[in-house]
Amino acid sequence: MNSLPLKILIVTGEHAFPILKSINWDLVKDRYSITLKSCPIPVVAFLSPTMLTECLDTIPIEDFDVVMISGLIPWDPSRIPENKQKSMPKIVKGPAFASQILPLLQSIDPHSLLEENWTKIDMEIFGKAQYQKFLSSTRNSVQSGNSSQWFALKSPFSQVIFSPRLPPIVLGEIVGFPNLSTDELFDKIESLLLHGAQIIDLGCIPNENHQERIAEILPVLIQRFAIPFSIDSIHPQEIEIAVKYGISMILSITPENFEQLKNLPKDLPIVLTVSPNPNILEKSEMSERKLSNLNVNEPYSPHTNRLLEFYKEVRAAGFQKIFLDPILHSPISPGLFMSLQNYGDLRSFITNLSLLLENSLSEQTANNNFLPQLFMGISNVTELVDGDSPGITAILAALAKELGVAAVLLTEHSSKCFQTIEEFQRSSDLMFLAQSQNQSPINLGINAFKFKSKRLYDPLPLKIADSSDVVMVPNESVDAKMDPAGYFKIYISIEKKSIYVAHYMNADISGNQPTQVFRGTNAESIYKQILARKLVSRLDHASYLGKELQLAEWALTIGTDYHQS
């Protein structure tokens, strides 16, 4: 076994060489001796096997235990000519980005690089470990730093903290919750929590007052689930009764209802929003107004100025934990881009306000003045675009992270938005890790894929591709024959998160009385139970059943529709 420190030659290109040179390799000097080699090519991903061998011929390669090349190189080290491989140490693929190499070397056993089956790091495991490391260190840094930069929910949920430096807290909204029965409410909450919601938002019904339902159900929900709840209502009486029975956060405080809500607890997190004003000129018009009390002078849109003036009023009334929601609009009409500009304006305002507090106030005074945080209603886009939600939520998660949004609201109201909370959480994790490493959100070990993949197909063996004994199968329909053992009807339930399979005898053409019903989530497990009960007697029926069950499982997994063929 090679003695430590293990001698590693890291091969790179001209662009990455200065980055690698600036890394403090002394942090791993007890286990690794690092040497850098820049090949005469700008980007190392374009390095070919021939170019690599020519580059290595210029140095005493026998002095090294391992040669590490970039994970971005598309070819396998086995493509290096055999006569060259014999004189070389082991060649392994490292991470895709230069900044990932040091964390990799800190996290693995040096001798694992020499193992015969080690070709490259398992980036999924590495990415998750890096995410947890950055999340923990960032959270500790936020909480130990200036307390004006973040705030938390009240006890007993004070572990939920809001900061632009952390992944945004996800609120899962139940739209029109007073219309749901208690059991339906329980099922919906369990589904949203399963998908990753951290706060459950009780969405009320506009222009209706359901304070009695709130008083009845809120204590039950808090006791049953032991999680924080928020309420989305503009009705003062609904908000007041929710506060009385333990609500943790309020959406939405507006100029129209604020006068009646000034006596709310001042340490309760609240979301401020203002409706568009028809008396204000076109939304593209910019106006420059001085916020005299805050000494901030920036050109903002009329809508943003109205929200900031309202923020001044609310803060002057003593409220401490304030979210600003300029309202994310749907694309095209009324327009996503303009609403994103409002978020950018508010981020600029908060940054300037932060500098003002740091420069002109004592630390004690600054710590008693929580900065406002940004709030974003993601579902204003996901619910109002007929497109696959994973890609939409990935882009929105990136925008939220760049803007420093501290909390987001998502619904899974329509079937096309089923699991969007889970999709957003995966994307949010990816964007947080990318920002923590100052990298693009690619090749970090975490991804937001749902329908596609970066993995290559298994290569088709030449013996199969070039075989002369290939049966060409035409696309044709075949008349189905009834199985004497009976037939099946297959359904999925998104709410129950299950596949249901009902077996009928052939005489029961209308499907009135199933002989057996199966419920599960896995196609293979279900058809094995069916076979064990001898409810299939024909191979073509068994093939059909397996195909349909797999389609049903896939539909259940991704949240799309399923119709038995």
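1. P156 sits in the loop that runs between β5 (151-152) and β6 (161-162). The peptide bond joining S155 to P156 is cis, with omega at about 15°. This is a predicted model, and the points below should be read with that in mind.

2. A second cis peptide bond links L251 and S252. Its omega is about 5°. Here the setting is a strand: S252 belongs to β10, which spans residues 249-253. P156, by contrast, has its place in a loop.

3. What is the sign of phi at I332? It is positive, about 70°, and I332 is not a glycine. The residue lies in the loop between β14 (322-324) and α10 (336-360). I332 is exposed, and its relative accessible area is 80%.

4. Q419 also has a positive phi, about 75°, without being a glycine. Its loop lies between β16 (405-411) and α14 (420-437). Is Q419 buried or exposed? Q419 counts as buried because its relative accessibility is 9%, and the cut-off for buried is under 20%. I332 falls in the exposed class, at 80%.

5. D65 deserves a look of its own. It is placed in the loop between α2 (49-56) and β3 (66-69). D65 is buried, yet it has no salt bridge. Which side chain of opposite charge is nearest to D65? That is K7, 4.1 Å away. A salt bridge needs a side-chain nitrogen of Lys or Arg within 4 Å of a carboxyl oxygen, so the pair does not count as one.

6. K7 does meet D65 through its backbone. The backbone nitrogen of K7 is 2.8 Å from a polar atom of the D65 side chain. When checking this pair in the viewer, look at the main chain of K7 as well as its side chain.

7. Now the whole chain. The protein chain contains 17 helices and 19 strands. Its C-alpha atoms fill a box of roughly 80 × 80 × 45 Å along the principal axes. Of its 565 residues, 47% are buried.

8. How much of the contact set links residues 24 or more positions apart? Such pairs make up 67% of the contacts with a separation of 6 or more in the protein chain.

9. Surface and charge come last. The protein chain exposes about 29,200 Å², and carbon and sulfur atoms supply 53% of that area. There are 48 positive and 61 negative side chains. The centres of these two sets lie 4 Å apart.

Definitions and conventions:
Residues are numbered from 1 along each chain as its sequence is written. Side-chain values use heavy atoms; hydrogens and water are left out. Helices (H or I, at least four residues) and strands (E, at least two) are DSSP runs, numbered from the N terminus. Buried means under 20% relative accessible area, exposed over 50%, partly exposed in between (1.4 Å probe, protein chains only). Contact means heavy atoms within 4.5 Å. Accessible areas come from the Shrake-Rupley method with a 1.4 Å probe; for residues, only the protein chains shown count as cover. Lys and Arg count as positive and Asp and Glu as negative; His and the chain ends are not counted. The place of a charge is taken as NZ of Lys, CZ of Arg, CG of Asp or CD of Glu. A polar contact is a pair of N or O atoms within 3.5 Å; within protein, one must be able to donate a hydrogen and the other to accept it, and residues adjacent in sequence count only if both atoms are side-chain atoms.
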